[in-house]
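Colleague: I am new to this structure and would like to go through it in short questions. Please reason briefly each time and finish on the answer.

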Amino acid sequence: MSVNSIEGKKLAHMFVEGAANLSKHVKVVDSLNVFPVPDGDTGTNMNLSITSGVKEVKAQVSDDAGKVAASFAKGLLMGARGNSGVILSQLFRGFSKDVEGKESIGALDLAKAFEHGVETAYKAVMKPVEGTILTVAKDAAKHAVKTAKHEKDVIAMMEEVLKEARASLKRTPDLLPVLKEVGVVDSGGQGLVYIYEGFLAVLKGEKLSDSLPEEPQMEDLVKIEHHNAQSHMSTEDIEFGYCTEVMVRFEQEKLAANPFDETSFRNELSEHGDSLLVVSDEDLLKVHIHAEEPGAVLSKAQRFGDLINIKIENMREQHTHLLDETKAVYGGEEAPAATPKEKSEYGIVTVSMGDGIAKLFEGLGASAVIQGGQTMNPSTEDIVRAIEEVNAEKVIILPNNGNIIMAAEQAAQVVDAKAVVIPSKTVPQGLAALLAFNPSDALDANAQGMKEAMSHVKTGQVTFAVRDTNIDGIDIKKDDFMGIAEKKIVSSGADVLEVTKELLQKLMDENSEIITILQGEDASSELTDELAAYIESEYPDVEVDIHLGNQPLYSYIFSVE
């Protein structure tokens, strides 16, 4: 059996089967996501993202392969959750661009589409970490192009793609030390292999899924605190001091003299800083970059048209922008519909896990609270919807989870309002930032002040493990409690009180003045009272503030100022 071309309906079936195969193995992918804690949920995130893409394909049935790929990419982009979902959306955004206008695609077309997808995804992550899904996609695509130069049978070519993807996956521990330490392969790469398996199954006629994979229920998901390899590998020392954002309204006269090419311009700006994002359409160009010389960035952008919506922030004393965690989750619940109201100057959109924490944010002035967090990352579309419902000229977004930052930044790029993301990675950081908000200040001044406020807060969390492992010399047993100070596990054991006390000893120092305790849904008031008594005894000069957060997964979240 051989296949020389793929039409639209066949490509749609490939996308459906790829999603279905990933859906069947979500927990396997989740269980591989061990960095730097025992488990994660990258599979969940990738599954929900690709399911969104397939739903769009189902809604836009076509015999045209290019149109099917475009629908898939659109759905993936709007449903992307967490870093892994966003990266997956970029892989197929590039894929769709390469097959645009083609009613059917052959082996070489498919290979080049994979290659273009890799190029697009690498551009989306300014400091890519090798040994991740990016490496697996890159190796497979490179082998695809090489194979397709002499192999016209799409089935034979896809078999080679899958073979190389599996081989690349096995090599990931040699590229990312933490994988070798724990004894696993990269979770995102494994997820991509499952998708490619589904593609090949359809081409060989082994199975055609006529229905979408069902979205997993929350009780079925692996629930575990997790931070990804991307965030671990990024530096905490900021090199480029100014967060620079500018929008350009294209002018035909300037474009005639200076033709615009997004790829070339992105490469040009990459020499001036990091955290770079360049997005454009027919009318507008949007640039975000952390640069040392923002004036040079503005001058280069001005070659193509009028500068609008300029924002420059001094980030010298701030936290570095985290390259988001490659893992994820079940999507956030839809924000309640807002009553139509007159447009306000400011709106604040924040993400919360637990109704008690949501009430805290609302009490501090949040305009919209999206239910989400660890294992419940809202999608880009969820955040866009909340921004639109806020109905404000200027919007501040507080993700409160490192894995949501990329989706929040993506949402900020596509809305009409001036939107800025304050890269809060924890609930305590988000609360501290919101307390620093001043409605009388300009947007850039507020962003500066809110980021500064985050830098004075330390976060502690108590959660549980779902597998045995050893991280940073700490033995962790299944069902043990873990104390996490910032991003590092500092204590573990079966006794939650002892684990929490050891965590507090790591968090508290002579400069600590206030400690806020957010009690989780599985923690008792008696235990909380015992913790408060311990703090008052050991740290008599520290003020203790207790709130019922009702957050899932975390027995306690601590904020130390």
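Modeller: This is a predicted model. A useful place to start is E130, whose relative accessibility is 28%. Buried means under 20% and exposed means over 50%, so at 28% E130 counts as partly exposed.

Colleague: With which residue does E130 form a salt bridge, and how far apart are the closest N and O atoms?

Modeller: Side chains of opposite charge can pair when their charged atoms come close. The partner of E130 is K138, which is partly exposed at 33% relative accessibility. In the pair of E130 and K138, the closest N and O atoms are 3.4 Å apart.

Colleague: How many salt bridges are there by this rule?

Modeller: The rule asks for a side-chain nitrogen of Lys or Arg within 4 Å of a carboxyl oxygen of Asp or Glu. Some of these residues are linked in a network, namely D139, E164 and R171. By this rule the count is 15.

Colleague: Which strands does the salt bridge of K394 and E345 link, and how many residues apart are the two?

Modeller: K394 and E345 form a salt bridge with the closest N and O atoms 2.8 Å apart. K394 sits in strand β9, residues 392–398, and E345 in strand β7, residues 344–352. The pair links distant parts of the chain, the two residues being 49 residues apart.

Colleague: Is K394 buried or exposed?

Modeller: The limit for buried is under 20% relative accessible area. Its partner E345 has 41% relative accessibility and counts as partly exposed. K394 has a relative accessible area of 14%, so K394 is buried.

Colleague: In which helix do D382 and R385 both lie?

Modeller: The side chains of D382 and R385 meet in a salt bridge, 3.4 Å from N to O. D382 counts as buried at 10% relative accessibility, while R385 counts as partly exposed at 23%. The two are three residues apart, about one turn of the helix, and that helix is α16.

Colleague: How is α16 oriented to α17, and why?

Modeller: Two packed helices are described by the angle between their axes and the distance between the axes. For α16 (residues 380–390) and α17 (residues 405–414), the axes are 8 Å apart and the angle is about 50 degrees. An angle of 35 to 65 degrees falls outside the roughly parallel and roughly perpendicular ranges, and therefore α16 is oblique to α17.

Colleague: How do the residues of the contact of α16 with α17 divide into nonpolar, polar and charged?

Modeller: The crossing of α16 and α17 is right-handed. From α16 the contact takes T380, I383, V384 and I387, and from α17 it takes A407, A408, Q410, A411 and V414. They divide into seven nonpolar, two polar and no charged.

Colleague: What are the counts for the contact of α20 with α21?

Modeller: The axes of α20 (residues 496–507) and α21 (residues 525–538) come within 11 Å and cross at roughly 35 degrees, and the crossing is right-handed. V496, L497, T500, K501, L504 and Q505 of α20 meet L527, E530, L531, Y534 and I535 of α21. The counts are seven nonpolar, two polar and two charged.

Colleague: Where is F481 placed?

Modeller: F481 touches several residues beyond four places away in sequence, among them V462, F464, V496 and S555. Its C-alpha atom is separated by 9.8 Å from that of V466, 15 residues apart along the chain. F481 is placed in strand β14, residues 481–485.

Colleague: Which loop holds E486?

Modeller: Most residues other than glycine have a negative phi. Phi of E486 is near 60 degrees, a positive value, and E486 is partly exposed with a relative accessible area of 32%. The loop that holds E486 is the one between β14 and β15.

Colleague: Is N400 buried or exposed?

Modeller: N400 also has a positive phi, about 60 degrees, although it is not a glycine. N400 is found in the loop between β9 and α17. With a relative accessible area of 6%, N400 is buried.

Colleague: What percentage of the residues of the protein chain count as buried?

Modeller: The protein chain has 21 helices and 18 strands. Among its contacts between residues at least 6 apart in sequence, 74% join residues at least 24 apart. Of the 561 residues, the part that counts as buried is 60%.

Conventions. Residues are numbered from 1 along each chain as its sequence is written. This is a predicted model: local features need pLDDT of at least 70, side-chain atom pairs count only at pLDDT 80 or more; totals for chains, interfaces and linings use all residues. Side-chain values use heavy atoms; hydrogens and water are left out. Axes are lines fitted to C-alpha atoms, for helices over the stretch in contact, and angles run from 0 to 180 degrees between N-to-C directions. Helices (H or I, at least four residues) and strands (E, at least two) are DSSP runs, numbered from the N terminus. Angles under 35 degrees count as roughly parallel, over 145 as roughly antiparallel, 65 to 115 as roughly perpendicular and the rest as oblique. A crossing is left-handed if the near helix is turned anticlockwise from the far one by less than a right angle, and right-handed if clockwise. Contact means heavy atoms within 4.5 Å. Ala, Val, Leu, Ile, Met, Phe, Trp, Tyr, Cys and Pro count as nonpolar, Asp, Glu, Lys and Arg as charged, and the others, Gly among them, as polar. Buried means under 20% relative accessible area, exposed over 50%, partly exposed in between (1.4 Å probe, protein chains only).
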